[in-house]
Structures are given as C-alpha cells and as structure tokens.
Amino acid sequence: MSAVGSWLFDWGQLADTWLLLRIAGVLRFASSVLWGKQRGASLVAAVAALWILPAALFAIVGYGVYQLLERSARKLGLT
C-alpha cells in the first residue's frame, strides 16, 4: 500500500518503492507464522504495518518523553 502511494503520489523522497515492497514481502512471511490458520490475514497485517509502525514508534518516543517530564515534575514537587 505504501509502495503504491509512493509511486502514485511521488513520495519517493520519503521511501523507496521497491524497498517498501521488499519489506512487505518479508513481513508477510514473518507474520504468517504468528497468524497460524489465518495466514491470509498476514498479507493485510504486513501492508498495514508499513503505515502503523512508523506512527507507533513516534508515539512510543513521545510517551517516553512524557514519562521523563512527568518523573521530573514529581521530583521537583510540581505535581
């Protein structure tokens, strides 16, 4: 999906189309082991991972910064 968007909307500066297709191919086989009998769903999961993973990683970093600020505020007695 990301590869199609990269090709259609000229997102080439953000990601290489062929690299995204290779990642989706590898993720499909890697996730099929986890899906068991529903291996067909692994293709959907692999394509969705290309969109969800970057946002999830960004959210994790943001949450880490939040936790750091929260602990600092507690130590300073601001909360």
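**Exercise 1.** Is Trp 35 buried, partly exposed or exposed, and what is its relative accessible area? Work out where the residue sits and which residues surround it.

*Solution.* Begin with the position in the fold: in this predicted model, Trp 35 is found in helix α2, which spans residues 17-35. Next take the accessibility, for which the relative accessible area of Trp 35 is 35%; because partly exposed covers the range between the 20% limit for buried and the 50% limit for exposed, Trp 35 counts as partly exposed. Then look for neighbours, leaving aside residues up to four places away in sequence: Trp 35 touches Ala 41, Ser 42 and Ala 45. Finally, consider the spacing of one such pair, since Trp 35 and Ala 45 are ten residues apart in sequence and 9.6 Å apart in space, taken from C-alpha to C-alpha.

**Exercise 2.** Describe the overall architecture of the protein, and decide which element deserves the most caution when it is read.

*Solution.* First list the elements: the protein has three helices and zero strands, and from the N terminus on they run α-α-α. Then turn to confidence, where the mean pLDDT of the protein is 77, with 78% of its residues at 70 or more. Among the elements, helix α1 (residues 2-8) has the lowest mean pLDDT, 56, whereas helix α3 (residues 41-76) has the highest, 86. Where pLDDT is low, the predicted coordinates should not be read in detail.

**Exercise 3.** Determine how much of the chain is buried and what its exposed surface is made of, and then locate a nonpolar patch on that surface.

*Solution.* Of the 79 residues in the protein, 16% are buried. The protein exposes about 6500 Å², and carbon and sulfur atoms supply 72% of this area. On the surface, Leu 19, Ile 23 and Leu 27 form a nonpolar patch, with about 210 Å² of accessible area together. Taking one member of the patch, Leu 27 is found in helix α2 and is partly exposed, with a relative accessible area of 31%. The last step asks about contacts across the sequence: among those between residues at least 6 apart, 25% join residues at least 24 apart.

**Exercise 4.** Find the salt bridge of the structure, and describe a side-chain to backbone approach in the helix that holds it.

*Solution.* The structure holds one salt bridge, in which the side chains of Arg 74 and Glu 70 meet at 3.7 Å, N to O. Side chains of opposite charge can pair when their charged atoms come close. To place the pair, note that Arg 74 and Glu 70 both lie in helix α3, four residues apart, about one turn of the helix. Arg 74 is exposed, with a relative accessible area of 57%. Ser 72 also lies in helix α3, and is partly exposed, at 35% relative accessible area. To finish, follow the side chain of Ser 72, which reaches the backbone oxygen of Leu 68 at 2.9 Å.

Note on methods
Residues numbered from 1 in each chain as written. Predicted model: local features only at pLDDT ≥ 70, side-chain atom pairs only at ≥ 80, totals over all residues. Heavy atoms only, no water. pLDDT = per-residue confidence, 0-100. Helix = DSSP H or I, 4+ residues; strand = E, 2+ residues; numbered from the N terminus. Buried < 20%, exposed > 50% of the residue type's maximum accessible area, 1.4 Å probe, protein only. Contact = heavy atoms within 4.5 Å. Areas by Shrake-Rupley, 256 points an atom, 1.4 Å probe, with all protein chains shown as cover. Patch = residues over 30% accessible without salt bridge, like charges linked within 9 Å, V, L, I, M, F, W, Y side chains within 5 Å. Salt bridge = Lys/Arg side-chain N within 4 Å of Asp/Glu carboxyl O. Polar contact = N/O pair within 3.5 Å; in protein donor to acceptor, adjacent residues only side chain to side chain.
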